[in-house]
Protein chains: 2
Amino acid sequence: MESLVELIAKKRDGGQLEEAHIRRLLAAHADGSMPDYQMSALLMAIYFQGMNDAETVALTEGMLHSGDVIDLGAITGAKVDKHSTGGVGDKVSLCLAPLVAACGVYVPMVSGRGLGHTGGTLDKLEAIPGFRVDLEVDRFCEIVGRVGTCMIGQTARIAPADKRRYALRDVTGTVESIPLIVASILSKKLAEGIDALVLDVKVGRGAFMKTPERARELAEALVRVGTRAGKRVTALLTDMGTVLGRTIGNANETAEAIDVLRGGGPPDLVECTLALGAEMLVLGGAAADLASGRAALERAIGDGRGARTMERMIEAQGGDPSVVEHPERLPQAPEVSAVLAEEAGFVAGIDPLGLGLSAVQLGAGRTRSDQQVDHRVGVDLEVGWGDPVREGEALARIRAKSSADARALSARVRRAFEIRADPPPPRRLLLDRVGV
Amino acid sequence: MESLVELIAKKRDGGQLEEAHIRRLLAAHADGSMPDYQMSALLMAIYFQGMNDAETVALTEGMLHSGDVIDLGAITGAKVDKHSTGGVGDKVSLCLAPLVAACGVYVPMVSGRGLGHTGGTLDKLEAIPGFRVDLEVDRFCEIVGRVGTCMIGQTARIAPADKRRYALRDVTGTVESIPLIVASILSKKLAEGIDALVLDVKVGRGAFMKTPERARELAEALVRVGTRAGKRVTALLTDMGTVLGRTIGNANETAEAIDVLRGGGPPDLVECTLALGAEMLVLGGAAADLASGRAALERAIGDGRGARTMERMIEAQGGDPSVVEHPERLPQAPEVSAVLAEEAGFVAGIDPLGLGLSAVQLGAGRTRSDQQVDHRVGVDLEVGWGDPVREGEALARIRAKSSADARALSARVRRAFEIRADPPPPRRLLLDRVGV
């Protein structure tokens, strides 16, 4: 039997690891007989040599079975989730899950917290007074079955091998490896006990994948490997060259997601929600095609079923459901300060990374995973891509815990807006689709 | 200032690390703020992306200055050492150092122990009753100045950064990287306080470098980087497609090296010693050219000055100098058992790896660094490359601690000899030379 170092060398030299090898490596890392320094050397070798689909499936399933897999077998009906690779202002999950559930597809959702410039669904949900994301698995299953959707945090028992390896990748320069990203995403999502998955692969300055080519490569790998692991999977490539919607923070993003369920919301956020939701309804068998899926979602917005499902979910998870009808009851920042345009023109660029990091500086996000977030603070955009602006018009509003904080961020927020004499080409939100 | 993970990513992406970066990385690893898992990821990135000469010089000097540099400034005269990349039966240092010292060039030698199929100079020396290799640096300097040569083991204070990193490379599949090998060799050798260095880069089945191309690549890198670090460096590429000399073990190898100093010894060992010694005399300024260097060495063998220098070195290091005149006083194996040819023909191949591992199994070497060696045991070759053999003639003699041990290895030793009907092409020992 090969030693661990022989397996590292095999991958280093471009060889293919067998399923049994991958199981052994994961087991050895789990029981401590493979120290982190050997795992990080292997991860770097994988970074350079890649993994084929069979290896990536074996890695995904090995990580998946390192922990508990939620059993939703008691619920008859399709269970479909959505995963986003993360962007600035991406609050889609908050409106999407109740809307899809209202259309008859169960949405069990295990989400993450924000880190760096991208926010996290759990932090946004916790802006709702009383809302709890740390439910037991039994309670999670009960709420999914009764309400149609439930959103909780990753427990220590879901894909623990991924959690430890992700922390290691983060500090060893091995995050940006497509097979490792695929196995990390899919192992966590398949642990939810879902039948199908829609992926929102974000592309651009505010996203993890900076180019359409690289994003498409990731999307294709996710669809291929997810399909080989026995799930129905499709992926959309969506633009993250600017902020999604008009809010960055927690309470303000939650309010904007609620607005979508009530028939409002910015057009790009509505479009993203409908496009992903239609995929979920088709995968879940609740719509024959994307057009009828989209029509069903629009009806669930129009007649308030989406908003009602959100209220029931909030209530089931201990929160105050009245925020759906009264979003002003969400926590408000004590200081709101406008950032004004210094010249007239058109909004030809919005830097999502700069704005995301500004929100983190205000306290809406984290630079280390042990930090607390302030749900009240963030940045609201007053203008969108291509909008004309006059000199002195508000570009954004900073929601801060103090006027000193607001002043400190003002220049940085202003710099995130590029104002030009001519309007930019129209923005394309949906860039591509990968799937059957 | 870049974080450690940013420096890892820089190298991963093919960037060049600056001298200050390399100093920071070494310091961080030394003080524990860079854990082994980050260093191993960096080492794997270096494996794939390489390092240019400036980076390799910076790494060498950083590692060199991680510990003590021996100060031989009190000795007037050139100090020159030889380093071999390791082979089976390579006892050249034992006869080379006294011989070169006898010709007027100081040879301060810090050596290693055997690991795996290659033996170590220290283990061979310790076959001499009483011989001590763990001398203090002061005593080492005194003996070099008085006798002309002294051979000790690496102390904990010489290039400790290399010691720790080598252990890490060994278990993470990052040994076979030319810049890492170069920095490891040169940092240890430059710590001896030498002016010049001759490298014996072994090529073939019994060596670390299996092909002449790869060996030449290593030799060129060693010469370039050593020169940039301010030393005079030349390298010879020598054949390790078979055993060097006729002995593998410890006491038997020491006896064979003594034989060379007394005017005997197998032709390949004599040739290797003279070729490397001539380079050392030229680099040390004691010979005008290689031919006169070789003639000087032959005179020092002929008139016994080499043997006398060996006696003085042994005496200075606490050993019994009478072994030079009476090699039979070296420890003898209780069991000596012949391995006979099963067919007639010519010796067309000798597998140095198989024989080296056989000697390890007999107890002459180590598979783990904490093991003790038995100085008495090993394998003596009775025939050499191209020799005719008759059926029933002895191919080798196994020196074992028991007849059971000898029997157990008999078939493996026999398999190491390839007997063919026709003689093989003559062996070329000196394959190439790199240097000014």
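In this predicted model, B:Gly356 is placed within helix α15 of chain B, which spans residues 352-362. With a relative accessibility of 2%, B:Gly356 counts as buried, because the cut-off for that class is under 20% relative accessible area. When neighbours within four places in sequence are set aside, B:Gly356 touches B:Val88, B:His117 and B:Ile248. The position of B:Gly356 may also be set against that of B:Met34: the two are separated by 322 residues in sequence, and their C-alpha atoms lie 38 Å apart in space.

The cysteines were examined next. A disulfide is a covalent bond between the sulfur atoms of two cysteines. Over all chains, a search of the whole structure returned 0 disulfides. Two cysteines of chain B illustrate this result. For B:Cys95, the closest cysteine sulfur belongs to B:Cys272 and is 8.9 Å away, which is too far for a bond, since a disulfide requires sulfur atoms within 2.5 Å. For B:Cys150, the closest cysteine sulfur is that of B:Cys141, and the separation of 8.9 Å is again too far for a bond. B:Cys95 is buried, its relative accessible area being 0%. B:Cys150 is likewise buried, with a relative accessible area of 0%.

In chain A, an open sheet is formed by 4 strands in the order β1-β4-β5-β13, with mixed pairing. The edges of this sheet are occupied by β1 (80-84) and β13 (430-434) of chain A; each has a single partner strand, so one side of each is left without a neighbour in the sheet. On average, and with direction ignored, neighbouring strands of the sheet are turned by 20° against each other. The edge strand β1(A) runs parallel to β4 of chain A (residues 196-203), and 5 bridges join the two. Within this pair of strands, A:Asp81 is found opposite A:Leu197 of β4(A). Helix α10 of chain A (residues 212-228) lies across β4, β5 (232-239) and β13 of chain A, and its direction makes an angle of about 165° with β5(A).

A further pairing in chain A involves strand β8 (residues 345-350) and β12(A), which are antiparallel and joined by 4 bridges. In a regular strand, side chains alternate between the two faces of the sheet. Strand β12 of chain A (residues 417-420) has a covered face made up of A:Phe417 and A:Ile419, whereas A:Glu418 and A:Arg420 are on the uncovered face. A:Ile419 in β12(A) is also the bridge partner of A:Val347.

The relation between the two chains was then considered. Two copies of a chain are related by a rotation about an axis and a shift along it. Here, a turn of 180° and a shift of 0.1 Å along the axis lay chain B on chain A with an RMSD of 0.0 Å. The two copies are thus related as by a two-fold rotation axis. In chain B, the C-alpha of B:Tyr37 is the nearest to this axis, at 1.9 Å.

The contact between the chains draws 21 residues from chain B and 21 residues from chain A. About 1,700 Å² of area is buried between them, 68% of which is given by carbon and sulfur atoms. Of the area that chain B buries against chain A, 37% is supplied by B:Arg12, B:Tyr37 and B:Phe48, more than by any other three residues. Of the interface residues of chain B, 100% are also interface residues in chain A, so the copies meet through the same surface.

Key. Residues are numbered from 1 along each chain as its sequence is written. Chains are lettered from A and ligands numbered from 1 in the order in which they are written. This is a predicted model: local features need pLDDT of at least 70, side-chain atom pairs count only at pLDDT 80 or more; totals for chains, interfaces and linings use all residues. Side-chain values use heavy atoms; hydrogens and water are left out. Two strands pair if DSSP finds at least two bridges between them. Axes are lines fitted to C-alpha atoms, for helices over the stretch in contact, and angles run from 0 to 180 degrees between N-to-C directions. Contact means heavy atoms within 4.5 Å. Buried means under 20% relative accessible area, exposed over 50%, partly exposed in between (1.4 Å probe, protein chains only). Copies are superposed by least squares on the C-alpha atoms of residues with pLDDT of at least 70 in both. Buried area is the accessible area (1.4 Å probe) that two parts lose on being put together, summed over both.
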